[in-house]
Amino acid sequence: MNIKRYSATIAVVAIALAMLAMPVAVVAAVGSPGGSVNGQFTAVTTPTITATGSASVYCTPNGVSTSTLTATVTDANGVAASDQVNAQLYNGATALGAPVVVTSGTGTGNTATFTVGIPFQYNYPAGAGYSVVLTASNPQKTSAPYTFSPINYVAALGVSIDSGSSLNFGTLGPGDTSATQTTTVHDTVNQAENLGISAAPWTSNVTGAASVPASSLTSNNPSPLSIDQHAPIGFVETIPTGISPYAGTYSTTITVMASAP
Amino acid sequence: MIKLSKREIGGLLKPLLLLLLTAAVVLAVTAPANAVGVGASPSVVNLGTIGRGGSATQDFRIYNTDNSTPLNYTVAVRGANAVSVTPSSGAINPLTNTTITVQVNVNNSAKDGNYSGLLVVNSTASGRTGQAVILPALAVTVKYAVNGTAPIPQSTTNIPIVPLVGAVVLVVVIAAVYIGIRRLR
């Protein structure tokens, strides 16, 4: 038996295994704040967080407004790349939208700042009862929550004509009533709205023709429109009897005006 | 193998053509009309408290909430003679907004109190035809209060500090020389 030859092989294998195991041990020690490097344990720390930002947010009709908060995170062991900030928007006690998670901040040492964008949807109700609750966390610990409040979501106005923005009543004669033509309106902002519906007098393409009385055009009014409500408005045109409008094409404009309730 | 006569082929094509024509008519009827939408933020423009003879400005934004149609708008002031807007008309591309500046100039005879009016934002039909065109509009509230008289701006005169110091030094030197001469006598 060639002991010398085997012992050399065993020695080579042992050295190779040791070399493989060494980086794993180092990674395990460095990657964990609670682990050990050279036999010394680092303490597990709890980060702290504060935040600043604007106390008012303006609504983007039919869109999203972003309120930007600057969160300052402090961690005694250093704000490592693994630290992150979680933020949740509330209206009173009601959480709105998904939590916002920011995983990268700027800064060195024990303090870093994180830029946190909080989305406000157009259909969140206007008011001053909004707040954002933020926490910072490292792999072991999460900070005490920090509440940024109050935030006032400022009321806006907005209406869109989703369908039926051009209507045709067909061909009508004196005494005729048209079929109902429908327009669909949408409250596109963060508050309820009243609608004022008014029509200009019909005008004709026939020179010298008398206009058809505007009062012949009638509609319902779905006011007040609630936030995000889509509502139909039915228009009916009736040509009064006893008038003799010139034959021709008549046209008008109908204004749907939204105002605060 | 099935063989069809010309008559049979014609009989088959006829309903097919009718089906195609019907589909075309349905598409034409259900094609969406141009949507149009307008928004304003905030819904109340508060110019604050102004003294007689004073002025104030505040901005608000008009939004085109439609994703395809440009919005032509006008802004008119109702019920508040001291208020003006800039610009009072323009065009806004889809899904964008523009800033309107509201200004109030309170004249010297205005009485103390709260004032309000409306900023009427009208849209115009852009590229839409029909017997009746529907136009979205908004009534934005504008308000301000008048209290007292605006402070008169103080006119300030800048006195050049170097010539002033030089003049003082000169006076002191002259006085010292004068006193010195008198003592020598």
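**View 1. Strand pairing across the two chains.** In this predicted model, β18 (250-259) of chain A and strand β9 (residues 132-149) of chain B run parallel to each other and are joined over 8 bridges; two strands count as paired if DSSP finds at least two bridges between them. Within β9(B), B:Val133 is the bridge partner of A:Thr253. Helices (H or I, at least four residues) and strands (E, at least two) are DSSP runs, numbered from the N terminus. Residues are numbered from 1 along each chain as its sequence is written, while chains are lettered from A and ligands numbered from 1 in the order in which they are written. Local features need pLDDT of at least 70 and side-chain atom pairs count only at pLDDT 80 or more, whereas totals for chains, interfaces and linings use all residues.

**View 2. The contact between chains A and B.** Chain A brings 36 residues to the contact and chain B brings 30 residues, where two residues are in contact if their C-beta atoms, placed from the backbone, lie within 7 Å. On the side of chain A that touches chain B, two or more residues come from each of β11 (157-163), β12 (166-167) and β18 (250-259) of chain A, and β18(A) gives the most, with 10 residues.

**View 3. The sheet that spans both chains.** An open sheet of 8 strands, antiparallel in its pairing, follows the order β16(A)-β17(A)-β13(A)-β11(A)-β1(B)-β3(B)-β7(B)-β5(B). Its edges are β16 (217-219) of chain A and β5 (83-86) of chain B, each of which has a single partner strand, so one side of each is left without a neighbour in the sheet. At the chain B edge, β5(B) runs antiparallel to strand β7 (residues 97-105) of chain B, to which 4 bridges join it, and B:Thr86 has B:Thr101 as its bridge partner in β7(B).

**View 4. A five-stranded sheet within chain A.** Chain A, which has 1 helix and 18 strands, contains an open sheet of 5 strands with mixed pairing, in the order β4-β10-β9-β6-β7. Because β4 (56-58) and β7 (94-102) of chain A stand at the edges with a single partner strand each, one side of each is left without a neighbour in the sheet. Strand β6 (residues 84-91) and strand β9 (residues 127-137), both of chain A, run antiparallel and are joined by 8 bridges, with A:Val132 in β9(A) as the bridge partner of A:Leu89.
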